[in-house]
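Let's work through this one with a few short exercises. Try each task on your own, then check the solution below it.

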Amino acid sequence: AIGNPFGLSHTVTVGVVSAKDRSIGAGPYDEFIQTDASINPGNSGGPLINIKGQVIGMNTAIISGNTGGNVGIGFAIPIKVAKTILTDLRDNGKVTRGWLGEMIQKVTPELADTFSLKDNNGALVGDVIPGGPAAKAGVKRGDVIVKFNGYDVKDMEELPKIVANTKPDIEVDVE
């Protein structure tokens with residue numbers, strides 16, 4: 001992880017990637033890279049580089065203790081996500097994301113039994129926003145979305161990411 005922690009310029013720390021696609025409660029599009037390389041205040045925006053020298057992420061967040069410093073867990077936005085955002089900002093001056101217009105919830109084992117699903121995959125539609133894309137497409141409360149635009153929806157955390165990476169105002173297949 002490269003950055004300027006606490007104003008100490010050109011600092012490099014070394015660690016391992018301990019998880020990918022980590023959700024830290026920062027929002028519906030969480031898919032952070034988790035590392036034990038020290039990321040401290042001032043590292044945000046710096047690159048996370050793999051052993052081959054390739055940029056794999058952008059240092060973004062930490063879990064901090066009482067001092068506000070690193071306690072051994074840092075997070076980076078995957079470079080594929082950063083590139084998408086950068087392209088949107090460069091081309092449109094803003095980030096554009098697909099939007100479905102619904103509230104979803106987790107498919108628990110009990111709900112899977114209730115809906116006669118073979119597994120816990122999918123996202124349960126808890127509510128549909130009137131006039132939104134989902135409502136216009138006929139999605140109803142109680143539906144379970146298991147596939148969106150050709151992508152399997154393994155769980156409710158995955159659906160917002162798949163939808164967000166879909167260009168707005170296009171029609172897609174939903175199962």
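Lys147 has a relative accessibility of 31%, so it counts as partly exposed (buried is under 20% relative accessible area, exposed is over 50%, partly exposed is in between, with a 1.4 Å probe and protein chains only). Before we go on: this is a predicted model, where local features need pLDDT of at least 70 and side-chain atom pairs 80 or more, while totals for chains, interfaces and linings use all residues. Numbering runs from 1 along each chain as its sequence is written, and side-chain values use heavy atoms, with hydrogens and water left out.

**Exercise 1. Find the partner of Lys147 in a salt bridge.**

Solution.
- Start from the rule: a side-chain nitrogen of Lys or Arg must be within 4 Å of a carboxyl oxygen of Asp or Glu.
- Asp152 fits, with N to O at 3.6 Å from Lys147.
- Now check its cover: Asp152, at 46% relative accessibility, is partly exposed.

**Exercise 2. Say how many salt bridges the whole structure has, then look at the one that Glu31 forms.**

Solution.
- The search turns up four.
- Glu31 pairs with the side chain of Lys80, N to O at 3.2 Å.
- This pair ties together distant parts of the chain, 49 residues apart: Glu31 sits in the loop between strand S3 (17–22) and strand S4 (32–35), and Lys80 in helix H1. (Helices are DSSP runs of H or I with at least four residues, strands are runs of E with at least two, and both are numbered from the N terminus.)
- Their surroundings differ in class: Glu31 is buried at 11% relative accessible area, while Lys80 is exposed at 54%.
- Another of the bridges joins Asp91 to Arg90, with the closest N and O atoms 3.3 Å apart. Asp91 and Arg90 are both exposed.

**Exercise 3. Asp88 has no salt bridge. What is around it?**

Solution.
- Place it: Asp88 belongs to helix H1, residues 79–92.
- Check the burial and the charges: Asp88 is buried, and the nearest side chain of opposite charge, Lys167, is 5.9 Å away. (Lys and Arg count as positive, Asp and Glu as negative; His and the chain ends are left out.)
- Look for a polar atom: the backbone nitrogen of Thr96 lies 3.1 Å from one on the Asp88 side chain.
- List the contacts (heavy atoms within 4.5 Å): beyond four places in sequence, Asp88 touches Gly93, Lys94, Val95 and Thr96.

**Exercise 4. Do the same for Glu102.**

Solution.
- Glu102 is in strand S8, residues 102–106.
- Glu102 is buried and lacks a salt bridge; Arg141, the nearest side chain of opposite charge, is 11 Å away.
- Its contacts beyond four places in sequence include Val125, Asp127, Val128, Ile129 and Leu159.

**Exercise 5. Which residues join Ile129 in a nonpolar surface patch?**

Solution.
- Trp99 and Met103 do, and the three together have about 320 Å² of accessible area.
- Ile129 itself is in the loop between strand S9 (123–128) and helix H3 (133–137), and is partly exposed at 31%.

**Exercise 6. Step back and describe the whole chain.**

Solution.
- Count the elements: four helices and twelve strands.
- Take the extent: the C-alpha trace spans about 55 × 40 × 30 Å along its principal axes.
- Finish with burial: 31% of the 175 residues are buried.

Methods:
Polar contact = N/O pair within 3.5 Å; in protein donor to acceptor, adjacent residues only side chain to side chain. Patch = residues over 30% accessible without salt bridge, like charges linked within 9 Å, V, L, I, M, F, W, Y side chains within 5 Å. Areas by Shrake-Rupley, 256 points an atom, 1.4 Å probe, with all protein chains shown as cover.
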